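Please look through the structure below with attention to surface exposure and aromatic contacts. The paragraphs after it go from the whole chain to individual rings.

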Amino acid sequence: RNENLQFTGNFLQLTGAAFKTDFTDKQVGTQVLVGNTISNRVTNAGAAVLEGLELAAQFRPNANWLVGGGLTYFSKYEYTDYQTTSTGAGEIARVGNCTIGYLGSDGAFTALGSSPIPFIPGTTTLRSLTCLLDRTGNQIEDTPELAFALNVSYRRPVGTNGSVMFVDVDGNWQDERFLEDDNNPYLDSYWVANLRVGIEASRWSATAYVENLSDDRTIKSAGTGPAIYASDFRLAAYNYNVAPTVTLARFVFAPSIPTTTFANLPRPRTVGIRFNYKF
């Protein structure tokens, strides 16, 4: 639900919004290994919530100047119900928790606890074990707690043919945010500002610009995926109970696939000139 307030005067305009979004079965993307092929898969998180505020302002002290800005603040941005099952060592390690159990014929998970591993009904085959992974309470990926933008514009007529000189400065800042719902790798906060100075006429314009004024080299976008190139096979053994007084050992030989993180390098400070002409 959104609540909006707006105040308008001769020189100042303020806009505010409070919002709350409840997700049910929020779609999340994941990658799985099917045979020797990596496949993208969409799964559902049980529930998530977004709460916060948005504020925007514009201030025009006179005909030449315009100052504007906006701010977004998330007071809550987390998964409120997000449990999945997995036997993948990489995913279990990323999430950092595991409740051992098994899936029944109806697909429902039952925690094993200290009970013996049960047999599949009507057979002498033990049920396969899996992990229940819980991401409940994790922050929603790619969501900064705070972000704001600022712009300052100056316009002034020059000459007698209707040409206008302009100076524009804009910048935006984002807080740190997690790459994935596992809340492991994250991106640092950053600030980027740009400058444009030029002259604009009815049929042509010339602009000198500087992008990324402070030459900020902070990584602003990245992603993760399975590192097949660095994978190997591991042998593990553990003891388990099949009856109150009977303990057996099980050996597992399976691939160990670590996670790789790839990043897009930011553009460095860039200086240039643009000319436009309308025919």
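What percentage of the 279 residues in the protein is buried? Buried residues, meaning those under 20% relative accessible area (exposed is over 50%, partly exposed in between, with a 1.4 Å probe and protein chains only), make up 26%. This is a predicted model, in which local features need pLDDT of at least 70, side-chain atom pairs count only at pLDDT 80 or more, and totals for chains, interfaces and linings use all residues. Residues are numbered from 1 along each chain as its sequence is written, and side-chain values use heavy atoms, with hydrogens and water left out.

The secondary structure comes to one helix and 19 strands; these are DSSP runs numbered from the N terminus, with helices being H or I of at least four residues and strands E of at least two. Of the contacts (heavy atoms within 4.5 Å) with a separation of 6 or more, 61% are between residues 24 or more positions apart. The protein exposes about 17,700 Å², and carbon and sulfur atoms supply 54% of that area. Accessible areas come from the Shrake-Rupley method with a 1.4 Å probe; for residues, only the protein chains shown count as cover.

On the surface there is a nonpolar patch formed by Leu-53, Leu-55, Leu-71, Tyr-73, Phe-148, Leu-150 and Trp-191, with about 570 Å² of accessible area together. Patch residues have over 30% relative accessible area and no salt bridge, and nonpolar side chains (Val, Leu, Ile, Met, Phe, Trp, Tyr) are joined within 5 Å. A salt bridge is a side-chain nitrogen of Lys or Arg within 4 Å of a carboxyl oxygen of Asp or Glu. Strands β3 (37–59), β4 (65–81) and β9 (146–158) each give two or more residues to the patch. Leu-53 lies in β3 and is partly exposed at 41%.

Eight aromatic pairs are found in the whole structure. Rings of Phe, Tyr and Trp (its six-membered ring) pair if their centres lie within 6.5 Å; planes under 30 degrees apart count as stacked, over 60 as edge-to-face and the rest as tilted. Phe-148 and Trp-173 are stacked, because their ring centres are 5.6 Å apart and their planes at 25 degrees. This pair links distant parts of the chain, with Phe-148 in β9 and Trp-173 in β10 (residues 163–174), 25 residues apart. Tyr-277 and Phe-279 have centres 5.1 Å apart and planes at 75 degrees, so they are edge-to-face. Phe-279 is exposed at 90%, whereas Tyr-277 is partly exposed at 46%.

Methods:
Patches are made of residues with over 30% relative accessible area and no salt bridge: like charges are joined within 9 Å, nonpolar side chains (Val, Leu, Ile, Met, Phe, Trp, Tyr) within 5 Å.
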